[in-house]
Structure formats: C-alpha cells, structure tokens
Amino acid sequence: MEITVEEDKCVGAGQCVLVAPEVFDQRDDDGIVILLDARPPAAQHDATRQAAQVCPAAAILVRG
Amino acid sequence: MTNRRVVVVGASAAGLATAEALRRFGHDGPLVLIGEETHPPYDRPPLSKQLLSGAWHPDKLALTGVGDLELRLGAEAIELDVDARQVRLDDGSRVGYDDLVVATGARARRLPGTDGIGGVHVLRTLDDALALREALTAKPHLLVVGGGFVGAEAAAVARELGCPVTLVTDIAQPMGDVLGTELGAMLAGLHREHGVVVHTGAAVEEIVHERGRASGVRVKGGTTLEAGLILVGIGAQPNVEWLGGSGLTLGNGVECDETLYAGHGVWAAGDVASWPDPRTGVRHRIEHRTNAGEQGIAVARNLLAGRAAATAFTTVPYVWSDQYDRKIQIYGSTRGADDIRVVEGSTGEGRLIALYAKNGVVSAAVGINMIRALRGYRALVADAAPWTSVIEGAA
C-alpha cells in the first residue's frame with residue numbers, strides 16, 4: 001500500500017487522524033494533514049482505507 | 001450475497017461512498033451507479049470556494065476511486081417499483097436490482113416566481129457554480145439572499161473578486177441561527193470589514209425584475225435593494241418526489257430506521273436520508289459532506305451484513321466553512337443551544353473555540369482558525385459530556 005496526500009485539497013477536518021492516528025496527523029498552525037507513514041503495515045490498511053474514504057476533501061489517495 | 005445486483009441512485013458523495021465501500025467490503029457482484037447530472041462525479045464543497053473564485057479548474061473536483069461499476073450518467077430516476085424491484089429512468093428504461101440505495105441528495109431551494117428571470121442564481125451544482133462564476137467576471141453588484149454557509153462563502157469570494165456585495169438575511173445575524181449571537185456577530189463584522197453590506201432581520205419578499213432580468217429584491221416593509229446579480233442561498237430540499245407512491249415513508253427526506261434501512265429492500269444515505277439518532281430517538285437529516293461519506297460507508301456495511309446484523313448509524317456531525325482567511329469548523333449540533341462558552345481564544349483575536357450546551361450536555365464544539373486544537377474537543381461532543389464539567393473546568 002502506498003499513500004499520497006494532496007495538501008492543497010486538505011481542509012484540516014482531521015477525520016483521517018481520528019480513524020488512523022498512526023498514519024496521519026495534522027500541522028499545529030493550519031491543521032493540514034501530515035502523512036506519518038506513506039507505506040503503512042498491513043495492520044493499518046483497513047483504517048487507512050477508511051480514512052481515505054471519510055476525508056471530506058478527497059485529499060488522500062491510496063494505491064495497492 | 002456476492003452475486004446480488006446493487007443499484008445506487010445518486011452519483012455524488014453519498015452514492016459514490018456507498019459504491020466504493022461496497023467494493024472495499026467485498027461485494028463482487030454487479031454494481032450500478034445512476035447519476036442525474038451528465039458530469040462525472042465531483043465534490044461539492046469547493047463549488048462555493050475554490051471553484052467559484054477561479055482558483056481551481058473543475059477537473060480538480062473529480063471524485064474517483066471506484067473501479068468495476070456500471071456508471072449511468074445523465075439518467076434521472078423518476079419512479080420506483082419496490083414489488084418488481086425496478087427503477088424507472090427518464091429515458092423510459094428500467095433498471096432491476098436486488099438491493100437499492102437511494103442517495104439522490106437535495107436541491108437548492110428557489111424563490112417562487114423567479115423561473116426564467118435572468119441574473120437569478122442558486123449554487124448547488126457544478127453548472128450552477130460555473131454560471132455564477134461567469135456572471136461574476138463582469139464585476140456586477142451581487143446580492144446574496146440568505147445567511148447560511150453557501151451564501152456567506154459566495155459573498156466572501158465575490159468580495160475577493162472585487163464585486164460590490166450585499167447580503168440579506170431574515171435572521172438576526174448571518175449564520176446566527178447556527179453559531180449563536182456572539183459568533184454570528186463576529187462573522188457579520190468580518191463581512192462588513194471586507195466591504196459587504198449586511199442587512200439582517202430582512203425577509204426578501206420578491207425579486208424585482210425589468211425586461212426579464214433581475215434588478216434587485218424587495219424586502220418586507222417595502223424597501224427595494226438594487227443589484228444586477230442575485231444569489232438565492234436559502235437552503236436545500238431533499239429529492240424524494242420520484243419515490244412518491246413507492247411505499248417508502250417520505251417526510252423530511254426518506255425516513256429510515258436506525259440502520260438507514262428504508263424498507264422494501266431499500267437503503268438511503270446522505271442528504272436525502274432521515275434517520276432517528278439511536279441515543280435520543282430524534283430524527284435527523286444532515287446535509288454535510290462528511291455525513292454523506294459516513295452514511296454511504298454505513299449503508300454498504302449494513303447492506304452486506306444483512307438486516308438482522310445491521311447496526312445503528314451514529315455520528316458526530318462535522319462541517320466546515322471557509323470565509324476570507326477564516327476557517328469555521330463545527331462538531332455536533334449547535335442549533336437550539338441553551339448556553340455557549342468560549343473556552344480558548346476570543347472573538348477579538350479572531351480565533352477561538354466555543355462549546356455549546358443543550359439539555360445539560362455538550363452538544364457542539366465550534367472552532368474558528370483553531371483547526372488542530374478543535375479536534376481535542378470532539379470527544380466532549382461524542383460523549384455528551386455534562387455541561388457542569390465544562391463550566392467547572394473553565395472556572
């Protein structure tokens with residue numbers, strides 16, 4: 001699995017952090033997504049896919 | 001289950017989330033997604049923001065991610081026969097299903113008697129947004145009817161494009177019904193600082209027009225406000241008319257049970273779906289982007305699990321709005337709050353977090369330009385924390 005995020009689309013909703021806190025975080029100043037792990041382990045795959053789907057800005061792309 | 005044919009009516013956020021989640025959770029049977037608009041599925045929140053301002057090309061709104069489905073665009077569902085398990089489309093064809101998901105969303109409310117009058121716009125679809133954007137290029141005087149998020153966002157964009165802007169709302173403050181008096185006043189002040197003429201407590205009675213083009217609005221009391229371009233932002237209504245006579249219960253939306261099951265082999269998700277909160281029994285219909293995604297996922301899970309194993313849908317609603325350099329975020333439900341406390345920042349600083357109380361518990365958390373910090377307050381809303389604990393904590 002490989003993840004990319006589009007920072008300019010991110011609205012800082014933080015929904016990804018709520019679902020997959022080991023994969024995503026938010027910047028302190030503007031709340032924009034921080035990708036902690038672009039290739040998360042298998043144990044994180046379900047949560048990562050869920051995070052990508054609940055992102056209200058469709059800013060997370062998951063491949064594989 | 002795997003060979004069951006699932007048909008999803010509605011190809012926006014909720015319908016697409018349902019389809020995507022069905023595949024993710026293992027449905028490998030036929031999957032049909034029917035959309036009324038001719039555009040491939042796109043995201044709506046940027047319509048009143050980056051798309052309207054011209055910062056983004058429409059291609060950037062594309063919603064992708066679902067492979068292996070039959071996508072039927074430009075096809076309006078006009079009738080449902082739950083006995084035959086068929087959806088009839090406007091071209092006369094019928095689409096059969098084993099399981100149906102209704103995700104037909106909502107449409108912009110319009111002012112009566114304005115059909116065919118030039119210069120009167122709504123903002124709900126990509127075509128709406130492109131038409132309004134085109135109209136704004138001549139820098140006309142824009143008059144926004146309505147004090148909700150869409151109107152306020154469009155007012156902000158139009159000011160940034162250099163248009164004179166008037167905003168007219170029948171409530172005491174723009175967004176005041178959602179945010180309360182103090183935060184509503186702060187945002188009204190923000191719009192005034194940016195040059196918007198804000199008329200509050202003013203109910204628009206009619207659009208004034210000459211030779212087929214709008215020239216202004218008449219408000220209650222007889223005053224006429226002149227403007228060549230009108231944006232009507234007075235909310236949305238659920239698209240349920242096509243389900244009339246189907247046997248589904250229709251009220252303010254498609255009335256579902258706690259699991260988003262509407263009866264007769266039909267589920268519903270997104271702006272069109274009404275369901276009772278399992279904690280309170282109170283029925284809600286939510287028009288937020290995040291809710292559309294969450295309900296789509298929940299319907300996919302419940303549909304595949306079967307009714308006996310379906311679980312109740314619960315959520316902490318989340319919505320955001322961008323106006324000028326401010327980002328407003330809301331967890332929970334602010335309407336009808338009994339008390340509001342600013343717990344971080346202040347209106348003077350232009351950045352704050354406020355908590356809202358209803359019936360003795362925390363009902364909502366609102367942030368303005370305190371984006372990451374607000375997330376820490378979400379649990380108070382999710383847990384319906386006692387309001388006394390908040391007040392004592394702040395004291």
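# A tour of chains A and B

Select B:Met175 to start: at 1% relative accessibility, this residue counts as buried. The model you have open is a predicted one. B:Met175 lies in the loop between strand 11 (165-168) and helix 5 (176-179) of chain B. Its phi is near 60°, a positive value in a residue other than glycine.

**A second loop residue**

Go next to B:Tyr324, in the loop between strand 24 and strand 25 of chain B. Here too phi is positive in a residue other than glycine, with a value near 55°. B:Tyr324 has 14% relative accessibility, so it counts as buried, the limit for that word being under 20%.

**The rings on strands 24 and 25**

Stay with these strands and show the side chains of B:Tyr318, B:Trp320 and B:Tyr331, which ring pairs link into a cluster. A pair of aromatic rings is described by the distance of the centres and the angle of the planes. Over all chains there are four aromatic pairs. One of them joins B:Tyr318 and B:Trp320, a stacked pair with 6.3 Å centre to centre and 25° between the planes. B:Tyr318 and B:Trp320 are both buried.

Now look from B:Tyr318 to B:Tyr331: this pair is tilted, with 5.1 Å between the centres and 50° between the planes. It links distant parts of the chain, since B:Tyr318 belongs to strand 24 (residues 318-323) and B:Tyr331 to strand 25 (residues 326-332) of chain B, 13 residues apart. B:Tyr331 counts as buried because its relative accessibility is 1%.

**The nonpolar cores**

Select B:Leu80, B:Val87, B:Leu100, B:Val102, B:Val254 and B:Val266. These have the most contacts inside the largest nonpolar core, which has 55 residues. Helix 7 (residues 289-305) of chain B gives the most to this core, seven residues. Another core lies apart from it, with 43 residues, including B:Trp56, B:Leu229, B:Leu231 and B:Val366.

Zoom in on B:Leu80. Among the residues it touches are B:Val87, B:Tyr97, B:Leu100, B:Trp242 and B:Val266. Then move to B:Trp56 and add B:Lys60: the charged end of B:Lys60 sits over the ring of B:Trp56, 5.1 Å from its centre.

**A partly exposed loop residue**

Select B:Asp90, in the loop between strand 5 (86-89) and strand 6 (94-96) of chain B. Is B:Asp90 buried or partly exposed? Its relative accessibility is 42%, so B:Asp90 counts as partly exposed. Beyond residues up to four places away in sequence, B:Asp90 touches B:Gly74, B:Ala75, B:Glu76 and B:Ile78. From B:Asp90 to B:Glu79 the C-alpha distance is 8.8 Å, and the two are eleven residues apart in sequence.

**Where chain A meets chain B**

Finally, show helix 2 (residues 45-54) of chain A with helix 1 (residues 13-24) of chain B: they pack at an angle of about 170°, with their axes 11 Å apart. Helix 2 of chain A is therefore roughly antiparallel to helix 1 of chain B. To see the contact, select A:Asp46, A:Arg49, A:Gln50 and A:Gln53, which meet B:Ala17, B:Glu20, B:Ala21 and B:Arg24.

Keep helix 2 of chain A and add helix 7 of chain B. Their axes come within 9 Å and cross at roughly 135°, so the two helices are oblique to each other. In this contact A:Gln50, A:Gln53 and A:Val54 meet B:Thr290, B:Ile297 and B:Arg301.

Notes. Residues are numbered from 1 along each chain as its sequence is written. Chains are lettered from A and ligands numbered from 1 in the order in which they are written. This is a predicted model: local features need pLDDT of at least 70, side-chain atom pairs count only at pLDDT 80 or more; totals for chains, interfaces and linings use all residues. Side-chain values use heavy atoms; hydrogens and water are left out. A nonpolar core is a set of buried Ala, Val, Leu, Ile, Met, Phe, Trp, Tyr and Cys residues joined through side-chain atoms within 4.5 Å. Buried means under 20% relative accessible area, exposed over 50%, partly exposed in between (1.4 Å probe, protein chains only). Helices (H or I, at least four residues) and strands (E, at least two) are DSSP runs, numbered from the N terminus. Contact means heavy atoms within 4.5 Å. Rings of Phe, Tyr and Trp (its six-membered ring) pair if their centres lie within 6.5 Å; planes under 30 degrees apart count as stacked, over 60 as edge-to-face and the rest as tilted. A charge sits over a ring if NZ of Lys or CZ of Arg is within 6 Å of the ring centre and within 35 degrees of the ring normal. Axes are lines fitted to C-alpha atoms, for helices over the stretch in contact, and angles run from 0 to 180 degrees between N-to-C directions. Angles under 35 degrees count as roughly parallel, over 145 as roughly antiparallel, 65 to 115 as roughly perpendicular and the rest as oblique.
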